[in-house]
Amino acid sequence: QLPPALMSLNSCLKLNPAVAYPTLTWDLTVAIAFRMVQRGYIRHAIATLLAFDCFLRVGELVNLRRADVATTNDARMGSEFNGTALRLRQTKTGPNQWVQVDDKDVEQLLHLVADATPGAQSMLFPFSANQYRSVFKSTCASLGLSSSYVPHSLRHGGATRWHLLNKSIEDILLRGRWASRKSARRYVQA
């Protein structure tokens, strides 16, 4: 009895395809982060920039710990590594993945947060996903931005930015930790 049910479900999905979240640009992301700082949400602001730069899902972002930040000369990364990377303990596509911070300004801000976070197991961003979403939405509203923007728009924006910078779909797929090219392509909204 399952094959007919699956066929029905697939037919319904074709009639009502999923609508992608709107894409944020880097410029709008910076404006959102700046407004967050003005409103006293400094860690939320840095989290916003980091989520865009590293194509982070909200759950990945709010679960980052001080110990998840690796830098040059970190024994966990090997002698060839240069820069700053984040270990993502649990992602949609599996445990213990990583992403390197690309933007040098975001990298410096991340180091400020890490240095101000006591203890290796302390959370870098000590707020829940729902708390982050609430601050994000109210900040967008205060800027007069569309209510359609959600934190996941940062992930879409980061992927689209990389596409506009002529990065290959394989590089985008790897950075975004997507399981397939098809799912990664949905995020690139050039």
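Which residues of H6 are buried? They are Ala129, Tyr132, Val135, Phe136, Thr139 and Cys140. Buried means under 20% relative accessible area, exposed means over 50%, and partly exposed lies in between (1.4 Å probe, protein chains only).

This is a predicted model, in which local features need pLDDT of at least 70, side-chain atom pairs count only at pLDDT 80 or more, and totals for chains, interfaces and linings use all residues. Residues are numbered from 1 along each chain as its sequence is written, and side-chain values use heavy atoms, with hydrogens and water left out.

**Helices H6 and H2**

Helices (H or I, at least four residues) and strands (E, at least two) are DSSP runs, numbered from the N terminus. Seen down the axis of H6, the buried residues fall within an arc of 130°, so they line one face of the helix. The arc is that of the directions from the helix axis to the C-beta atoms. Asn130 and Ala141 are exposed on the other side of H6. The buried residues of H6 pack against H2, H3, H4 and H7. Contact means heavy atoms within 4.5 Å.

H2 also has a buried side, made up of Trp26, Thr29, Ile32, Ala33 and Met36. They cover an arc of only 120° around the axis, which puts them on the same side of H2. An α-helix has 3.6 residues a turn, so residues three or four places apart point the same way. The face of H2 turned away from the buried side carries the exposed residues Asp27, Phe34 and Gln38. Cover for the buried residues of H2 includes H3 (42-54), H5 (104-115), H6 (129-142) and H7 (152-164).

The table sets out the two helices. The expected span is 1.5 Å times one less than the number of residues.

| Helix | Residues in helix | Expected span | End-to-end C-alpha distance |
|---|---|---|---|
| H2 | 13 residues | 18 Å | 18 Å |
| H6 | 14 residues | 20 Å | 20 Å |

A glycine with positive phi follows each helix. Gly40, just after H2, has a phi of about 90°. Gly144, just after H6, has a phi of about 75°.

Ser128 sits in the loop between H5 and H6. Ser128 is partly exposed, with a relative accessible area of 33%. Its C-alpha atom is 32 Å from that of Leu165, 37 residues along the chain.

**The sheet**

Three strands form an open sheet in the order S1-S2-S3, with antiparallel pairing. Two strands pair if DSSP finds at least two bridges between them. S1 (69-71) and S3 are the edge strands, each pairing on one side only. S2 (residues 84-91) and S3 (residues 94-100) pair over 6 bridges. These two strands form a hairpin with 2 residues between them. Thr91 has Gly94 in S3 as its bridge partner, and Leu88 stands opposite Gln97.

**The cores**

A nonpolar core is a set of buried Ala, Val, Leu, Ile, Met, Phe, Trp, Tyr and Cys residues joined through side-chain atoms within 4.5 Å. The largest has 37 residues, and Leu50, Leu56, Leu86 and Phe125 have the most contacts inside it. H2, H3, H4 (58-62), S2, H5 and H6 each supply at least two residues of this core. H3 gives the largest share, 8 residues. A second, separate core of 10 residues includes Ala159, Ile172, Tyr187 and Val188.

Leaving aside neighbours within four places in sequence, the contacts of Leu56 include Leu50, Leu61, Leu86, Val99 and Arg155.
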